Amino acid sequence: MAVDEAERLAAAGQAVAAAKRLAVAARAGDADAAMLLAVWLLRGTPLRRDLAAARIWLRRAVEIGHVDAALTEVALTANGTGAPGDWPRALTLLRAAAASDPVAAAQLALVEAMALDAAGLPTHLPDPVPLSTTPRVVRFPALLTAAECAHLAGVGAALLEPARVIDPRTGAWVAHPIRTSDGGAIGPTREDLVVRAINARVAAISGTRVEQGEPLTVLRYRPGQEYRPHLDTIQGAANQRIVTVLLYLNQGFGGGETHFPEPGVTVTPRGGDALLFANTGADGRPDPSSRHAGLPVTHGAKWLATRWIRATPVDPWTIA
């Protein structure tokens, strides 16, 4: 098979030859070859990343009938990977995929239940409930529906891994010193239209552009897991995290409150609610009063999604 042959060539350091083999097979009607070539170009290994070229081969895979390619193309069309973002086109592609794919059909049903304009932006938002002025902490009740929460948890569940950081002394990945949850970021290829529309909703409540947000990160805290007091800002960052939005995806567990020591605010998670807080002051510098903690879960499991929002747009393909 062309895919097997290409993978052997790539493993032997012959990436260009491998790509040529895949291209020939893809043009001849091999959907798996077209998809693998698109994945290599998106991933940036073993070929150099080329997002525009990846879109071309992804389109070829869809034309041949690759189901996973169809959903990936929908996501990339909406979020502007390799070409300008185009929500109406992405929605048209999703409708086409939904005709034969139950996963696409389920996504379409969720999107069609949302209050969105023609560009995929929200037309209705809940009223904010201020909790603190310094730092600014605001709760948005019922920002998400139960079905939307379940969707985010489902997408994130496949990505979960223990929280880790790089040890600056050794360069090795080690357990995160203050966060003991499991988490996973929903990158561009998995940012389906439901996720994209929710990201746009987060941008709307924060008064920012959707492009300023890092990939939405889904977190799960089991009994005993917590996030000790910390700041969300990044030391020395040129493009600072100015706002954090937490999306609580469930309730009915014990503990897990979000606690801000300095203003003395403790927020009990409620499924569907969003919590927004500022990480920086008027001068753009980290605000020490925004220090917060995710208190230990005592029973059950706490699910939430976090969107860290930067001062200016970020590239989801290169952000650390």
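In this predicted model, Lys-302 lies over the face of Tyr-221, 5.0 Å from the centre of the ring. A second arrangement of this kind involves an arginine: the charged end of Arg-241 sits over the ring of Trp-308, at 4.2 Å from its centre. Arg-241 also appears among the contacts of Thr-233, a residue placed in the loop between strand 8 (227–230) and strand 9 (241–248). Once neighbours within four places in sequence are set aside, Thr-233 is in contact with Gln-240, Arg-241, Asn-279, Thr-280 and Pro-286. With a relative accessibility of 15%, this loop threonine counts as buried.

Aromatic rings come next. A search of the whole structure turns up one aromatic pair, formed by Phe-260 and Phe-277 in an edge-to-face arrangement, with 5.1 Å from centre to centre and 75° between the planes. Phe-260 belongs to strand 11 (residues 258–260) and Phe-277 to strand 13 (residues 274–278), so the pair ties together parts that lie 17 residues apart in sequence. Phe-260 is buried, at a relative accessible area of 0%, and for Phe-277, also buried, the value is 0%.

In soluble globular proteins, nonpolar side chains tend to be buried together. Here the largest nonpolar core holds 76 residues, of which Leu-152, Leu-193, Val-245, Leu-247 and Leu-249 touch the most other members. Helix 3 (residues 31–43) supplies the largest share of this core, with nine residues. A second, separate core has 13 residues, among them Tyr-221, Phe-260, Val-265 and Leu-275. Tyr-221 is thus a meeting point of two descriptions, as a member of this second core and as the ring beneath Lys-302.

For a closer look at the largest core, Leu-152 is a handy place to start. Beyond its neighbours within four places in sequence, Leu-152 is in contact with Leu-144, Val-195, Ile-198, Leu-216, Val-218, Leu-247, Leu-249 and Ala-305.

Helix 7 (residues 102–112) rounds off the picture. Its buried residues are Ala-104, Gln-107, Leu-108, Leu-110 and Val-111. Viewed down the helix axis, these residues fall within an arc of 160°, so they line one face of the helix. The cover over them includes helix 5 (67–79), helix 6 (87–98), helix 8 (146–157) and helix 9 (193–206). At the start of helix 7, a side-chain oxygen of Asp-101 reaches to within 3.1 Å of the backbone nitrogen of Val-103.

Conventions
Residues are numbered from 1 along each chain as its sequence is written. This is a predicted model: local features need pLDDT of at least 70, side-chain atom pairs count only at pLDDT 80 or more; totals for chains, interfaces and linings use all residues. Side-chain values use heavy atoms; hydrogens and water are left out. Buried means under 20% relative accessible area, exposed over 50%, partly exposed in between (1.4 Å probe, protein chains only). Helices (H or I, at least four residues) and strands (E, at least two) are DSSP runs, numbered from the N terminus. The arc is that of the directions from the helix axis to the C-beta atoms. Contact means heavy atoms within 4.5 Å. A polar contact is a pair of N or O atoms within 3.5 Å; within protein, one must be able to donate a hydrogen and the other to accept it, and residues adjacent in sequence count only if both atoms are side-chain atoms. Rings of Phe, Tyr and Trp (its six-membered ring) pair if their centres lie within 6.5 Å; planes under 30 degrees apart count as stacked, over 60 as edge-to-face and the rest as tilted. A charge sits over a ring if NZ of Lys or CZ of Arg is within 6 Å of the ring centre and within 35 degrees of the ring normal. A nonpolar core is a set of buried Ala, Val, Leu, Ile, Met, Phe, Trp, Tyr and Cys residues joined through side-chain atoms within 4.5 Å.
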